[in-house]
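Biologist: I am new to this structure and would like a close look at a single part of it. Please start with one place in the chain and then work outwards to what lies around the rest.

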Amino acid sequence: GVGFGVGFGFRFGFGFALGLGFCVWDWDLVTAILRSPPSEHFKNLEVHEFRNFVQRITDYFKPTSGRFCRVELSDPKSRILARTGCYLMDFLIEAESFEATRILDEFMKDVQDCLTNVIQADNANECLLAPAKLATTACQYYFLLIGRLSRSSKGKQTAEHQLKLLF
């Protein structure tokens, strides 16, 4: 198979990074991988394990997963998670692959659906991205992630395409 190009230790670190549950994931390692992808094969998501890695990270950040959006801002992990989310957005925008585009589109569709629910709900406080939750949870970081996308023209197009239905 295609290796990471940085040695034996990284291959095992990759598997460890996503352990069995997101509570024990090595977020520092995940952030490092997304910030500086180890190879072109990884960037292109050509290998099944690489695609699964990026998909699992993205699934964690989707509002409907109920994971990232429920992290309290008082949790020491909230800042590293926000940083990881920013690097994930950068990675998905910079990766020149169909899979990365598909994963990003799915993520943005999930955010859009949750924002639409807030706008259309009779009681917005019952929604995942409820206004009351913005003050105390990582929900507020979805706006940071959308802003991060707008740093590039491709990211801006993606955000505008997915969020245009809101306005």
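Modeller: Serine 97 sits in the loop between α5 and α6. The model is a predicted one. Although in a loop, serine 97 is buried, with a relative accessible area of 13%, because a residue counts as buried when that value is under 20%. Setting aside the neighbours within four places in sequence, the contacts of serine 97 are Lys43, Asn44 and Leu45.

The loop belongs to a protein with 9 helices and 0 strands. Read from the N terminus, the order of elements is α-α-α-α-α-α-α-α-α. Of the 167 residues in the protein, 47% are buried. Among contacts with a separation of 6 or more, 66% are between residues 24 or more positions apart. The exposed surface comes to about 8800 Å², and carbon and sulfur atoms supply 55% of that area.

The helices on either side of the loop, α5 and α6, also take part in covering another helix, α8: what covers the buried residues of α8 includes α4, α5, α6 (98–120) and α9 (153–163). Which residues of α8 are buried? They are Tyr141, Tyr142, Leu145, Ile146 and Leu149. Seen down the axis of α8, these buried residues fall within an arc of 150 degrees, so they line one face of the helix. The general background is that an α-helix has 3.6 residues a turn, so residues three or four places apart point the same way.

Next come the aromatic rings. The structure holds 13 aromatic pairs. One of them joins tyrosine 60 and phenylalanine 68; the pair is tilted, with 6.4 Å from centre to centre and 55 degrees between the planes. Tyrosine 60 counts as buried at 3% relative accessibility, and phenylalanine 68 does so at 0%. Phenylalanine 68 also pairs with tyrosine 142, in an edge-to-face arrangement with the centres 5.5 Å apart and 85 degrees between the planes. This second pair links distant parts of the chain: phenylalanine 68 is in the loop between α4 (48–61) and α5 (77–94), while tyrosine 142 is in helix α8 (residues 141–149), 74 residues apart. Both phenylalanine 68 and tyrosine 142 are buried.

These rings belong to a wider group. Ring pairs link Trp25, Trp27, Tyr60, Phe61, Phe68, Phe107, Tyr141 and Tyr142 into a cluster. Another ring, that of tyrosine 87, has a charged partner: arginine 148 lies over its face, at 5.7 Å from the ring centre.

That leaves the cysteines. How many disulfides does the structure hold? The number is 0. The sulfur of cysteine 114 has its closest cysteine sulfur in cysteine 69, at 7.3 Å, which is too far for a bond, because a disulfide needs the two sulfur atoms within 2.5 Å. For cysteine 127 the closest cysteine sulfur is that of cysteine 114, at 8.4 Å, again too far for a bond. Cysteine 114 is buried, with a relative accessible area of 4%, and cysteine 127 also counts as buried, at 9% relative accessibility.

To return to the starting point, serine 97 is a buried residue in the loop between α5 and α6, and both of these helices are among those that cover the buried residues of α8.

Terms used: Residues numbered from 1 in each chain as written. Predicted model: local features only at pLDDT ≥ 70, side-chain atom pairs only at ≥ 80, totals over all residues. Heavy atoms only, no water. Buried < 20%, exposed > 50% of the residue type's maximum accessible area, 1.4 Å probe, protein only. Phe/Tyr/Trp six-rings, centres within 6.5 Å; stacked < 30°, edge-to-face > 60°. Helix = DSSP H or I, 4+ residues; strand = E, 2+ residues; numbered from the N terminus. Lys NZ or Arg CZ within 6 Å of the ring centre and 35° of its normal. Contact = heavy atoms within 4.5 Å. Areas by Shrake-Rupley, 256 points an atom, 1.4 Å probe, with all protein chains shown as cover. Arc of directions from axis to C-beta.
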